[in-house]
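Reader: I have a protein model to look at. Please show me how to read its features one by one.

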Amino acid sequence: MNAFSKLMTGAALGLALAASSGAAFAETPANMLVIAHRIDDITTLDPAESFEFAGSDVSRNVYQKLVNFDPANLDAGYQPEVAESWTVSDDGKTITFTIRDGLTFHSGNPVTAADVEFSLRRAVVLNKTPSFILTQFGFTADNVAETIVADGNTVTITTDQPYATSFVLNCLTATIGGIVDMKTVMENEKDGDMGNEWLKTNSAGSGAYKVVSWKPNESVTLQSNPDFYLGAPAMERVIVRHVQESASQRLLLERGDIDIARNLNPEDVKGAIAADGVKIEEELKGRLMYVSLNQKHPELSKPQVRQAFKYLVDYEGMRDSFLNGQYTIQQNFLPQTYLGASSEAPFSLNVEKAKELLAEAGIPEGLEINVGVREAQDRMEIAQSLQNTLAQAGITLNITVGTAKQILGEYRARTLDVYLGAWGPDYPDPHTNAGTFAYNPDNSDEANATGLLAWRNAWDTGGLTEKVAAAVVENDRDVRAEMYQGIQAEFRETSPFVIMFQQIEQSALRDNVANFSTGQAITSASYWPVTK
């Protein structure tokens, strides 16, 4: 993590004072953390259903899991949390967790093995978008009574075949692994929904914070848990405000109205560095920025067209201008730092090469397609860049801008021609991305496998599904890494995904804020260690 802070120059001071109408600098309360962030992607707070970036930040701070990550030592990997220990059977299929004594939910109810059993079974039975993270181990609504079982203070899970234990445990660190208060949830059940409707806007966790309110496209407010097992958080209240524009976030930060701004563009980062009392911290994230082509489209499904798109991206131009300092070029589905990650980047802007491929595919000039993009500055600027480079090859790209909920809804319904957006790992194992970009066992509409990006784009993967399935059960670490590199090499040449960048998150903070982490490439933001 890098930090920079500079004293404000006289000229910059004058500019800031003018911007704030001459008002004195404000300051948030010492026991309150106020964050400006784009949170319009939140659609639910239920950990069995939440599958968006901002929602995962909430869940990280509200729900505990069997195993989790220490924000002060992320390199150590998963650590015991609700589970104090575990054992693995000789055949590698059964893991038995011993539940930690003394944990309580926000309601005051004790955290028990029965709550763990209920939470994991519930996630499978509800079968919401992220359920594949658990069902990939063979868990189904029909068998969870036998495969996820509490007994006294232990919970045993039995998978359909042996997997690397690290893979299973990493999956349990995902948002869907959050442990909910069975009694409270079932008191709010309606029509057999296992409390899903209630948990969309409420919480029933045992983590450092509980949800006070979520106002869509406006704010999330959290209140600290004084009985948190690691000690009461210093920040007794956390308010995450939805602030769409980078310039607005910067102004709020420089005035002292907020403590952290998480979505400054490079120009505003440069300006904020010069402001009094502001520092910038950087973390390489696992988030990838990509474009994908719907394989139901008669022209976009042609192999030559898929490859042509990869030569119609101005990777370097975008990285060195409006994405400067915030993204690095990455053309593979595994983020750097992950097992099996590849640094191969064979594509660059080459309009003539793209034209040759389009001609080979029989695509006449004048092809018109639509791209869906979330209303976020970096994504809209990428879309405009693509619009320009595609036009040079005779393709008209119409840009549809909407809220995250609107665009993701169309994407998951397989109705967009082209999607432009971001994808972040759900857990720090290579299968987290291999199992969504290059895995699609059932490409039918009826499968409704919305958690799989290959399915969302109606791509049957051309044999990569079987290779991904083989890689995930390989126990030799080096062999497994080689398998993923081979899969990515084939993926680059055949897939309808144009992977462009990996994010470097630059957070701008008041210089009295310490111990804030966005989770690097493996998890989400943690508020409970923060101090001022």
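Author: Gladly. We start with a space inside. The second largest cavity holds about 350 Å³. Keep in mind that this model is predicted.

Reader: Which residues lie nearest the centre of the second largest cavity?

Author: Take the general idea before the names. Rolling a probe the size of a water molecule over the atoms shows where empty space is left. Here, 26 residues line the second largest cavity. Nearest its centre are Arg 38, Arg 262, Asn 263, Asp 378 and Gln 503.

Reader: Which elements give two or more residues to that lining?

Author: For the second largest cavity they are H2, S13, helix H14 (377-391) and strand S18 (497-510). By class, its lining divides into 10 nonpolar, 7 polar and 9 charged residues.

Reader: How many cavities of 30 Å³ or more does the structure hold?

Author: There are 12 cavities of that volume or more. The largest cavity has about 660 Å³ of space. It is lined by 44 residues, and Glu 52, Phe 53, Ser 56, Gly 424 and Pro 425 are the closest to its centre.

Reader: Which element gives the most to the lining of the largest cavity?

Author: That is H2, with 6 residues. Helix H2 covers 53-62. At least two lining residues each come from H2, strand S13 (278-293), helix H15 (404-412) and strand S17 (418-423). Sorted by class, the lining of the largest cavity has 18 nonpolar, 12 polar and 14 charged residues.

Reader: Now pick one residue. Is Ser 292 buried or exposed?

Author: Look at the relative accessibility. A residue under 20% counts as buried. Ser 292 counts as buried because its relative accessibility is 1%. You will find Ser 292 in strand S13.

Reader: What does the side chain of Ser 292 make a polar contact with?

Author: One partner is the side chain of Tyr 411, at 3.2 Å. The side chain of Asn 457 also joins that of Ser 292 in a polar contact, at 2.8 Å.

Reader: Which residues is Ser 292 in contact with, leaving aside neighbours within four places in sequence?

Author: The list is Tyr 411, Asp 417, Val 418, Tyr 419, Asn 457, Pro 496 and Phe 497. Find Tyr 411 and Asn 457 in it: they are the polar partners we just met.

Reader: Let us turn to pockets. What volume does the largest pocket have?

Author: Its volume is about 780 Å³. Of its 35 lining residues, Thr 129, Ser 131, Phe 132, Ala 449 and Gly 451 are the closest to the centre. Two or more lining residues come from each of helix H4 (132-135), H15 and helix H16 (431-437). H15 gives the most, with 4 residues. The classes are 13 nonpolar, 14 polar and 8 charged.

Reader: And which residues are closest to the centre of the second largest pocket?

Author: Volume to begin with: about 570 Å³. This pocket has 24 lining residues, and those closest to its centre are Thr 337, Tyr 338, Leu 339, Pro 428 and Ile 522. Helix H6 (165-171), S13 and helix H19 (477-494) each give two or more residues to the lining. By class, that lining has 12 nonpolar, 6 polar and 6 charged residues.

Reader: How should I read a strand?

Author: Begin with its sides. In a regular strand the side chains alternate between the two faces of the sheet. Now take strand S10 (residues 219-224), where 5 of 6 residues are buried.

Reader: Which strands do bridges join to S10?

Author: Two are S9 and S11. Strand S9 (residues 209-215) runs antiparallel to S10, with 6 bridges between them. One pair is Val 211 with Leu 222. Strand S11 (residues 237-242) is also antiparallel to S10, joined by 5 bridges. There, Val 220 has Val 240 as its bridge partner.

Reader: Which residue takes a positive phi in the hairpin of S9 and S10?

Author: It is Asn 217, with phi near 60 degrees. The hairpin has 3 residues between the strands.

Reader: Last, a helix. Which residues of H9 are buried?

Author: The general idea is about turns. An α-helix has 3.6 residues a turn, so residues three or four places apart point the same way. In helix H9 (residues 246-255), the buried residues are Ser 246, Gln 249, Leu 252, Leu 253 and Glu 254. Just after H9, Gly 256 takes a positive phi of about 85 degrees.

Conventions: Residues are numbered from 1 along each chain as its sequence is written. This is a predicted model: local features need pLDDT of at least 70, side-chain atom pairs count only at pLDDT 80 or more; totals for chains, interfaces and linings use all residues. Side-chain values use heavy atoms; hydrogens and water are left out. Buried means under 20% relative accessible area, exposed over 50%, partly exposed in between (1.4 Å probe, protein chains only). Two strands pair if DSSP finds at least two bridges between them. On a 1 Å grid over the protein atoms alone, a cavity is a set of points where a 1.4 Å probe fits but cannot get out, and a pocket is an open set with protein on both sides within 12 Å along at least five of seven lines; lining residues have an atom within 4 Å of a point. Grid points are joined across faces, edges and corners, and a volume is the space filled by probe spheres set on the points. Ala, Val, Leu, Ile, Met, Phe, Trp, Tyr, Cys and Pro count as nonpolar, Asp, Glu, Lys and Arg as charged, and the others, Gly among them, as polar. A polar contact is a pair of N or O atoms within 3.5 Å; within protein, one must be able to donate a hydrogen and the other to accept it, and residues adjacent in sequence count only if both atoms are side-chain atoms. Contact means heavy atoms within 4.5 Å.
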